[in-house]
Amino acid sequence: MSFERQKTFFIETFGCQMNFHDSEKVAGSLVSQGYRQVQSIEDADLIFYNTCSIRDKAEQKVFHRLAEFKRLQKQGKKFAVIGCVAQQEGERIFERAPHVSLVAGSASYRRLPEMLVQIGRGERATGLNDRDTEETFETEFTARTNPHRGYITIIEGCDKFCAYCVVPYTRGRERSRTSESVLEEARRIVAGGATDGGLTEIQLLGQNVNSYRDPLGRRSFAELLAEVGELPGIRRIRFTTSHPRHFNREIVAAIDAVPTLCDHVHLPVQSGSSRVLAAMAREYTREQYLERIAWIRAAKQRSIAITTDVIVGFPGESDAEFEQTMSLLEEVQFDGVFSFKYSPRPNTPAIAMENAISEEEKTSRLAVLNDRQREIQRANYAHYVGQVLEAMVEGYQSARNQIAGRTSQNKTLNFTVPDGYAVPEVGSYAQVRVTRAHPNSLVGEMVCAPEVQSAQPDCAVIVI
Ligand code: 5AD
Ligand code: SF4
């Protein structure tokens, strides 16, 4: 019998929630191959670097980090580069960083076990040619690292080919998981157990969840959403990201009807100008976007928060077109905006477009937009002062002696607990009276009135 030491791995992740969740699944598949996850590079035999290439000089950052890893090769450590930069740069990574053993994009993660065998034999392994696959990455075990939220990928890849975006090139073709398998994973997450934690909040993930197509044709996205929300034990369901082109009223109706579906839709608009939207190949106009906003606002039972993404300085964006984005912000009064300067990305059509906007101009537009949005949010958030909202406990901020919470609308609600009351656990829910508002967060105090206490076991008095 051999008593070989169990091999260890460490995984470092950049990018979107999808990427973080991919890392949880990659970790799960390594564990099922007999590896053990460790929390530091020093303790790891194999170092995974899960990369993002959505903006900026992502490639340079990756090569810089890989150069730092090189000295560790002498200790016998191996390196794997995965994710969007891996897919984009491919075998160039071996040329520039010869100490790397494995390069794979997300469409190839299903083949990780065989790639691990290859690198175990001292060979190099690549997973770069699977972007046309119709298969999704299903893992028996997911190493869930978020203590309060279970992520479930429902659709991988993207077929939209927005003119600025690398994702269709890095993540490959759109492919959906069966709704049965999504529901099965959701049940496992709620049930908990050795692997999946007993969580009450689930977030359904996809680059474009509205393109979800059940391969067996059983459920639409809205039906799946509603059915996940109705599973016993579920308290909160979130989903991201929606594409306005396919966002429909059925989704709003589901949110209105199923209380566990959170009061929040993230609906990236990118620009308020129909001309720019057409140049971006977004497949909707300003008016169509506003129509969707009207559907969301018309929900009868719910006040649904709306957040968005905006790109400033897309090639050819005139001052007047930028002003249209500003007027859209005014019109919609978003609850949050993630704003970005346009960043040219390899392989994308926009990289060859004329009339690039200067860096200074992009910086100035971004500042104008952020200043205005801060004021919109200041007014928006102020409305909540005095209200009692349910917050999920996400963590503790010991420096400020506050509990970090999140509302159904996805707003940060940090709060204190009155003296003598037990501090609620991460993943539990508390009723919180909002006492102050900032442009990006709310502050409050947990409500411990007797009538609330009875409905809320977390609000128990500590017996001293
Ligand atoms: N430049 C700037 N922002 C981008 N995004 C995607 N690609 C680019 C790019 N090339 C932004 C979009 C998208 C978000 C995830 O990132 O706003 O919705
Ligand atoms: Fe980054 Fe986009 Fe890849 Fe996510 S899908 S990791 S945001 S490039």
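The radius of gyration used here is taken over C-alpha atoms, and the rule for a globule is 2.2 Å times the number of residues to the power 0.38. By that rule, a compact globule of 464 residues would have a radius of gyration near 23 Å, and the protein chain agrees, because its own value is 23 Å.

This is a predicted model, in which local features need pLDDT of at least 70 and side-chain atom pairs count only at pLDDT 80 or more, while totals for chains, interfaces and linings use all residues. Residues are numbered from 1 along each chain as its sequence is written, and chains are lettered from A and ligands numbered from 1 in the order in which they are written.

**The whole chain**

Begin by displaying the entire protein chain as a C-alpha trace, which spans about 65 × 65 × 50 Å along its principal axes. In a cartoon view, its secondary structure comes to 14 helices and 19 strands. Helices (H or I, at least four residues) and strands (E, at least two) are DSSP runs, numbered from the N terminus.

A residue is called buried if 20 or more other C-beta atoms lie within 10 Å of its own, exposed if 12 or fewer, and partly exposed in between, with C-beta atoms placed from the backbone. Of the 464 residues, 42% count as buried. Two residues are in contact if their C-beta atoms, placed from the backbone, lie within 7 Å. Among contacts between residues at least 6 apart in sequence, 72% join residues at least 24 apart.

**Ligand 1**

Select ligand 1 next. A residue is near a molecule or strand if its C-beta atom, placed from the backbone, lies within 6 Å of it. Around ligand 1 are Ile-54, Arg-55, Tyr-164, Cys-165, Pro-268, Gln-270, Asp-309, Ile-311, Phe-340, Tyr-342, Ser-343 and Arg-345. For sorting residues by class, Ala, Val, Leu, Ile, Met, Phe, Trp, Tyr, Cys and Pro count as nonpolar, Asp, Glu, Lys and Arg as charged, and the others, Gly among them, as polar. This shell divides into seven nonpolar, two polar and three charged residues.

**Ligand 2**

Now move to ligand 2. Of the 13 residues around ligand 2, Gly-15, Cys-16, Cys-52, Ile-54 and Cys-84 come nearest. Two or more residues of the shell come from each of helix H1 (17-32) and helix H6 (167-171). H6 gives the most, with three residues. By class, the shell around ligand 2 has seven nonpolar, five polar and one charged residues.

**A pair of helices**

Select helix H12 (residues 319-332) together with helix H13 (residues 359-382); their axes come within 10 Å and cross at roughly 10 degrees. Axes are lines fitted to C-alpha atoms, for helices over the stretch in contact, and angles run from 0 to 180 degrees between N-to-C directions. Angles under 35 degrees count as roughly parallel, over 145 as roughly antiparallel, 65 to 115 as roughly perpendicular and the rest as oblique. H12 and H13 are therefore roughly parallel to each other.

Show the side chains where the two helices meet: Phe-322, Thr-325, Met-326 and Leu-329 in H12, and Arg-365, Leu-369, Arg-372, Gln-373 and Ile-376 in H13. This contact has five nonpolar, two polar and two charged residues.

**Single residues**

Select Ala-104, which lies in strand E5. Ala-104 is buried, because 24 other C-beta atoms are within 10 Å. Beyond its neighbours within four places in sequence, Ala-104 is in contact with residues including Ile-82, Tyr-109 and Leu-128. Continue to Arg-111, in the loop between strand E5 (100-104) and helix H5 (112-120). Arg-111 counts as partly exposed, with 18 C-beta neighbours inside 10 Å.

Ala-281 is in the loop between helix H10 (274-279) and helix H11 (286-297). Leaving aside its neighbours within four places in sequence, Ala-281 is in contact with Phe-161, Cys-162 and Ala-163. Follow that contact to Phe-161, which has a positive phi of about 50 degrees although it is not a glycine. Phe-161 is placed in the loop between strand E8 (155-156) and H6.

Gln-333 also merits selection: it has a positive phi of about 55 degrees and is not a glycine. Its place is in the loop between H12 and strand E14 (336-341).

Finish at the cis peptide bond that joins Thr-240 and Thr-241, where omega is about 0 degrees. Thr-241 is found in the loop between strand E11 (236-240) and helix H9 (249-257).
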